[in-house]
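I opened this notebook to record what I looked up in one structure. The entries follow the order in which I checked things.

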Amino acid sequence: MNKFLSAMTISISTIIATSSVFAAPNTHHDNHSTQQHQTQQHQTQNHSNQHKVADQKPQGQNNAWKVGQAFPNQYRTASHKFDYKHNKNLSKPSQNQQWYKVDGKYVLINTSNHKIVKVIR
């Protein structure tokens, strides 16, 4: 009987000890999860801010078209492409060149490196 009580006491003590270990919060995992969420949220905010900046035209950009300058992606669209035949002042573009009309100006672009070749106001 004494052995039985000793065995029961040890068993109950073991159960209580192990259940408290399982019930304890895993602070390392919670902390990691919180950091991961904060990092992901920060990256999302940065990404949306980059889009806002990219969508806005820099101040004075409409007067800043210069030969050799990189032509911004936001203007390399079909709606900005211009057929030289519709304006007698435009020359026929060479191979790998395309005219674009932006802000009332005609900009000839090298389509391989996206640099401005000529600007006509």
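**Entry 1: strand pairs**

I began with a single pair and found that Leu108 stands opposite Lys118 in E4. The model I am reading is predicted. I then looked up the strands around this pair: E3 covers residues 105-110 and E4 covers residues 115-120. They run antiparallel and are joined by five bridges.

Next I checked the connection. E3 and E4 form a hairpin with four residues between them. In that turn I noted His114, which has a positive phi of about 60°; I come back to His114 below.

I moved to the pairing of E2 and E3, which is antiparallel over six bridges. Within it, I found Val107 of E3 as the bridge partner of Tyr100. This pair also makes a hairpin, with two residues between the strands. Asp103 in that hairpin takes a positive phi near 55°.

The remaining pair is E1 with E2. I have E1 at residues 81-82 and E2 at residues 97-102. They pair in the antiparallel sense over two bridges. Tyr100 turns up again here, since Lys81 stands opposite Tyr100 in E2.

**Entry 2: the sheet**

In which order do the four strands lie in the sheet? I read the order as E1-E2-E3-E4, in an open sheet with antiparallel pairing. E1 and E4 are the edge strands, each pairing on one side only. As a reminder to myself when viewing side chains: in a regular strand they alternate between the two faces of the sheet.

**Entry 3: the whole chain**

I listed the elements and got two helices and four strands. From the N terminus on, they run α-α-β-β-β-β.

How much of the chain counts as buried? I noted 14% of the 121 residues. The accessible surface comes to about 9,600 Å². Carbon and sulfur atoms account for 53% of that surface.

I also looked at contacts between residues at least 6 apart in sequence. Of these, 35% join residues at least 24 apart.

**Entry 4: a nonpolar patch**

I looked for nonpolar surface and noted a patch of about 670 Å². It is made by Met1, Phe4, Leu5, Met8, Ile12 and Ile16. I picked Ile12 for a closer look and placed it in helix H1, which spans residues 2-23.

Is Ile12 buried, partly exposed or exposed? Its relative accessible area is 46%. Buried requires under 20% and exposed requires over 50%, so Ile12 is partly exposed. For membership of a patch the cut-off is over 30% relative accessible area, and the 46% of Ile12 fits that.

**Entry 5: positive phi outside glycine**

I checked two residues here. Asn96 has a phi near 65°, a positive value in a residue other than glycine. Asn96 is found in the loop between E1 and E2. With a relative accessible area of 43%, Asn96 is partly exposed.

Where does His114 lie? I placed His114 in the loop between E3 and E4. Its phi is positive, about 60°, although His114 is not a glycine. At 27% relative accessibility, His114 counts as partly exposed. The cut-off for buried is under 20%, so the 27% of His114 does not qualify.

Terms used:
Residues are numbered from 1 along each chain as its sequence is written. This is a predicted model: local features need pLDDT of at least 70, side-chain atom pairs count only at pLDDT 80 or more; totals for chains, interfaces and linings use all residues. Side-chain values use heavy atoms; hydrogens and water are left out. Two strands pair if DSSP finds at least two bridges between them. Buried means under 20% relative accessible area, exposed over 50%, partly exposed in between (1.4 Å probe, protein chains only). Contact means heavy atoms within 4.5 Å. Accessible areas come from the Shrake-Rupley method with a 1.4 Å probe; for residues, only the protein chains shown count as cover. Patches are made of residues with over 30% relative accessible area and no salt bridge: like charges are joined within 9 Å, nonpolar side chains (Val, Leu, Ile, Met, Phe, Trp, Tyr) within 5 Å. A salt bridge is a side-chain nitrogen of Lys or Arg within 4 Å of a carboxyl oxygen of Asp or Glu.
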